[in-house]
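This report goes through a protein model, from individual residues to sheets, helices and charged pairs. The sequence and the structure come first.

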Amino acid sequence: MKIGIIGAGNIGGNLTRRLTALGHEVSVANSRGPQTLTALAEETGAKPVTASEAAKDAQVVVVTVPLKAVPDLPAGFLDGAAEGVTVIDTGNYYPQRDGRIAAIEDGLPESRWTEQRIGHPVIKAFNGTYAQDILDRGRPQGTPNRQALPVAGDDPAAKQAVRDLIDALGFDSVDGGGLDDSWRQQPGTPVYGNRGDADAITKGLAEASPERTAEFRA
């Protein structure tokens, strides 16, 4: 599968490592240019590209940049993607980093805000996952207490594609509902950073409160 990853930080870098190891054809971009991705490319075999090129022919595109950087993504960066491309948003709103985003403060789910900025539906996943866990905690399907990740989004086919990818990476997944329900996996909720199995994540999603904690408010 052709996969484009925009953002080569902790999550983006480790997804690049694991997805190339699984045999996917990965293009990776960051804000500083492909010349800064030489080491990651040599380590993984991924192709370093510009953000404008990352989605070319990709069936899956992972947007894993700070929320404040989403409006700076190149206009039309998804135009060259494969038909029906699945876009994964791993982002979180941290006011101390991103500045105050009024719509999110007023209750708009973070990934809905991102979706509106990029003009394409997104699936929210990997946002509450420790980056190192992507490398270290994957287990075969059926392993007892296999770590599970919540996945939220409106397109059933795209959501299933993400869940299949998560399974291949060695994790179970839990349907977190539509994108308007994705606040249940935002920072400060019971599943954020939760390494539990599917039952634990299902319980955590159900127990989430829409009231954003003071730590994650501007």
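## Residue contacts and architecture

Beyond its neighbours within four places in sequence, D133 is in contact with G138, Q147, F171 and R195. This residue, D133, belongs to helix α6. D133 has a relative accessible area of 4% and is therefore buried, the cut-off for that class being under 20%. The model is a predicted one, and the values below are computed from it.

A second aspartate, D175, is placed in strand β8. With neighbours within four places in sequence set aside, D175 is in contact with V151, K159, R163 and L205. Its relative accessibility is 41%, so D175 counts as partly exposed. From D175 to T90 the separation is 85 residues in sequence and 16 Å in space, C-alpha to C-alpha.

**Strands β7 and β8**

Strand β8 (residues 172–175) runs parallel to strand β7 (residues 148–151), and 4 bridges join the two. Within this pair, P150 stands opposite V174 in β8. Between the two strands the chain passes through α7, and the resulting β-α-β crossover is right-handed.

**The open sheet**

How are the strands of the open sheet ordered? The sheet has 6 strands in the order β3-β2-β1-β4-β5-β6, and the pairing is parallel. The edge positions are held by β3 (47–48) and β6 (123–124); each has a single partner strand, so one side of each is left without a neighbour in the sheet. Inside the sheet, β1 and β2 run parallel and are joined by 5 bridges. One residue pair there is I5 with V28, the latter being the bridge partner in β2. Helix α1 packs on this sheet, where it touches β1, β2 and β4, and its direction makes about 165 degrees with that of β1. Helix α7 lies across β1, β4, β5 (86–89) and β6, and runs at about 65 degrees to β5.

**Helix α1**

Helix α1 covers residues 10–21, which is 12 residues. From its first C-alpha to its last it reaches 17 Å, close to the 16 Å expected at 1.5 Å a residue. Is this helix largely enclosed or largely open? Of the 12 residues of α1, 9 are buried, so the helix is largely enclosed by the rest of the structure. The buried residues are I11, G12, G13, N14, L15, T16, R18, L19 and T20. They pack against strands β1 (2–6), β2 (25–29) and β4 (60–63), and against helices α2 (38–44), α6 (131–136) and α7 (156–169). Just after α1 comes G23, which takes a positive phi of about 100 degrees.

**Salt bridges**

The whole structure contains 16 salt bridges. Three of the pairs are set out here, with the distance between N and O atoms.

| Pair | N to O distance |
|---|---|
| K56 and D57 | 3.9 Å |
| E110 and R212 | 3.2 Å |
| R112 and D154 | 3.0 Å |

What does the salt bridge between E110 and R212 tie together? E110 lies in helix α5 (residues 110–118) and R212 in the segment after α8 (198–207), so the pair ties together parts that are 102 residues apart in sequence. E110 counts as buried because its relative accessibility is 0%. R212 is buried as well, its relative accessible area being 10%.

The bridge of R112 with D154 also links distant parts of the chain: R112 is in helix α5, D154 is in the loop between β7 and α7, and the two are 42 residues apart. R112 has a relative accessible area of 13% and so is buried. D154, at 45% relative accessibility, counts as partly exposed.

K56 and D57 belong to a network in which salt bridges that share partners join K2, E25, K56 and D57. K56 is exposed, because its relative accessible area is 58%, and the cut-off for that class is over 50%. D57 counts as partly exposed, with 37% relative accessibility.

Conventions. Residues are numbered from 1 along each chain as its sequence is written. This is a predicted model: local features need pLDDT of at least 70, side-chain atom pairs count only at pLDDT 80 or more; totals for chains, interfaces and linings use all residues. Side-chain values use heavy atoms; hydrogens and water are left out. The expected span of a helix is 1.5 Å times one less than its number of residues. Buried means under 20% relative accessible area, exposed over 50%, partly exposed in between (1.4 Å probe, protein chains only). Contact means heavy atoms within 4.5 Å. Two strands pair if DSSP finds at least two bridges between them. A crossover is right-handed if, with the strands pointing away from the viewer, the path from the first strand over the helix to the second runs clockwise. A salt bridge is a side-chain nitrogen of Lys or Arg within 4 Å of a carboxyl oxygen of Asp or Glu. Axes are lines fitted to C-alpha atoms, for helices over the stretch in contact, and angles run from 0 to 180 degrees between N-to-C directions.
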